[in-house]
Amino acid sequence: MRLVNADQVEQVVGGLLGAVEVDGGATEEQVSILRALTTHVWARPDLDLAEVTPLSPAEVSSAIGGTDAVRRFHYLLVLLELCRHPLTEAQDARVRAYADALSLDSIGLEFCRDLVAKGVEAARADHDRFEENLRVVQREPQLRDRVPRDDLTDPELVERLMAFERLPEDTLGYALTRFYADFGLDVPGATASTINYLFVAHDMNHVIAGYEPVAAGELALGAFQMGMNDSEVSWILCLTNLAIHEAGVIQLGDIAPKHETLSRPGVADMFGRAMARGVATTGDFAAADHLAMADRPLEEVRAAYGVPPLD
């Protein structure tokens with residue numbers, strides 16, 4: 001990651017290993033995720049996790065405290081916590097010890113704490129409260145001031161998006177219409193939803209990044225956007241994807257919750273590769289005016305933002 005210097009990688013990995021040393025040790029899934037990050041994001045395939053010394057909260061604080069690596073460590077701490085199934089009190093207490101040592105606090109930590117201590121409904125309320133504050137920012141720029149009809153549909157938006165079918169087949173706009181057709185998705189505005197305008201931006205990002213709208217692809221897109229720009233908006237997207245497709249505690253529209261997606265063969269590796277690909281991208285297109293780019297060739301858009309080819 002950009003904010004973890006090469007000389008901090010082993011310290012960060014040691015801290016993360018220490019954070020999952022509970023209930024008999026790290027789970028197979030947690031190790032797979034950490035290995036994928038180490039191999040692809042930090043380009044250290046030589047680093048044998050079995051040979052890395054786990055660091056205590058105090059040791060991690062001494063090693064990386066006060067540096068930019070703390071923020072990245074923070075995100076990955078929550079990621080690994082959500083990859084333990086079932087999530088236990090011991091795991092949450094261990095993560096809390098590291099968070100306290102580094103003076104960390106966030107929606108992710110609160111989400112995990114309440115999931116363990118208070119249950120699914122409390123965790124959902126945490127997520128919804130924080131995500132609501134960012135919904136306007138996550139909208140497609142041209143739609144941020146748009147007011148939906150009382151029934152929460154927007155036929156005019158549907159017409160505008162489907163008009164992209166008349167564009168040349170190599171364009172971003174045409175690719176968006178194929179995205180909806182190929183995966184049998186409702187065009188934003190066709191059905192009632194409070195986040196139709198958010199979905200336009202989200203779907204455009206799927207098309208540009210090249211990840212399919214399935215559980216593994218959603219997690220990969222979240223990782224990609226975190227690598228591209230680890231902003232609060234990117235973190236909420238990543239956390240939402242984890243809550244839906246990994247922890248299985250949130251339902252978004254018709255998207256049913258799923259459990260342990262990152263434990264499926266190849267998905268942890270896909271996640272690590274996606275984050276590394278996001279880091280290698282030279283510009284952040286997540287909040288760009290996608291509608292204004294709809295008539296441009298898709299490959300031209302990718303080149304403008306330096307998006308590496310999909311592996």
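This text walks through a predicted model of a protein chain, from its overall form to a few individual residues.

The protein chain is built with 15 helices and zero strands. Its radius of gyration is 20 Å, close to the 19 Å that the globule rule gives for 311 residues, so the chain is as compact as a globular protein of that length. Measured out along the principal axes, in the sense of a computed extent, the C-alpha trace spans about 60 × 40 × 35 Å. Among the contacts in the chain with a separation of 6 or more, 70% are accounted for by residues 24 or more positions apart.

Turning from the outline to the surface, the protein chain exposes about 13,300 Å², and carbon and sulfur atoms supply 49% of that area. The chain carries 26 positive and 50 negative charges, and the mean positions of these two sets are 2 Å apart.

The interior comes next. Of the 311 residues, 54% count as buried, and the largest nonpolar core has 94 residues. To this core helix α4, which covers residues 69–82, gives the largest share, namely ten residues. In soluble globular proteins, nonpolar side chains tend to be buried together. The residues with the most contacts inside the core are Val 13, Leu 16, Trp 42, Phe 73, Leu 79, Phe 111 and Leu 262. Leu 16 can serve as an example: when its neighbours within four places in sequence are left aside, Leu 16 is in contact with Leu 34, Trp 42, Phe 73, Leu 76, Leu 77 and Leu 80.

Several loops also deserve a look. Ser 106 lies in the loop between α5 (89–101) and α6 (107–117), and with a relative accessible area of 15% this serine is buried, because the cut-off for buried is under 20%. The C-alpha atom of Ser 106 is separated by 8.9 Å from that of His 74, although the two residues are 32 residues apart along the chain.

Most residues other than glycine have a negative phi, and most peptide bonds are trans. Against that background, the peptide bond from His 85 to Pro 86 is cis, with omega near -5 degrees, and Pro 86 is found in the loop between α4 and α5. Ala 43, which is not a glycine, has a positive phi of about 55 degrees; Ala 43 sits in the loop between α2 (28–41) and α3 (57–64) and counts as exposed at 53% relative accessibility. Leu 152 likewise has a positive phi, of about 65 degrees, without being a glycine; its place is in the loop between α8 (135–138) and α9 (155–162), and with a relative accessible area of 29% Leu 152 is partly exposed.

Conventions
Residues numbered from 1 in each chain as written. Predicted model: local features only at pLDDT ≥ 70, side-chain atom pairs only at ≥ 80, totals over all residues. Heavy atoms only, no water. Helix = DSSP H or I, 4+ residues; strand = E, 2+ residues; numbered from the N terminus. Rg over C-alpha atoms; globule rule 2.2 N^0.38 Å. Buried < 20%, exposed > 50% of the residue type's maximum accessible area, 1.4 Å probe, protein only. Contact = heavy atoms within 4.5 Å. Areas by Shrake-Rupley, 256 points an atom, 1.4 Å probe, with all protein chains shown as cover. Lys, Arg positive; Asp, Glu negative; His and termini not counted. Charge placed at Lys NZ, Arg CZ, Asp CG, Glu CD. Core = buried A, V, L, I, M, F, W, Y, C linked by side-chain atoms within 4.5 Å.
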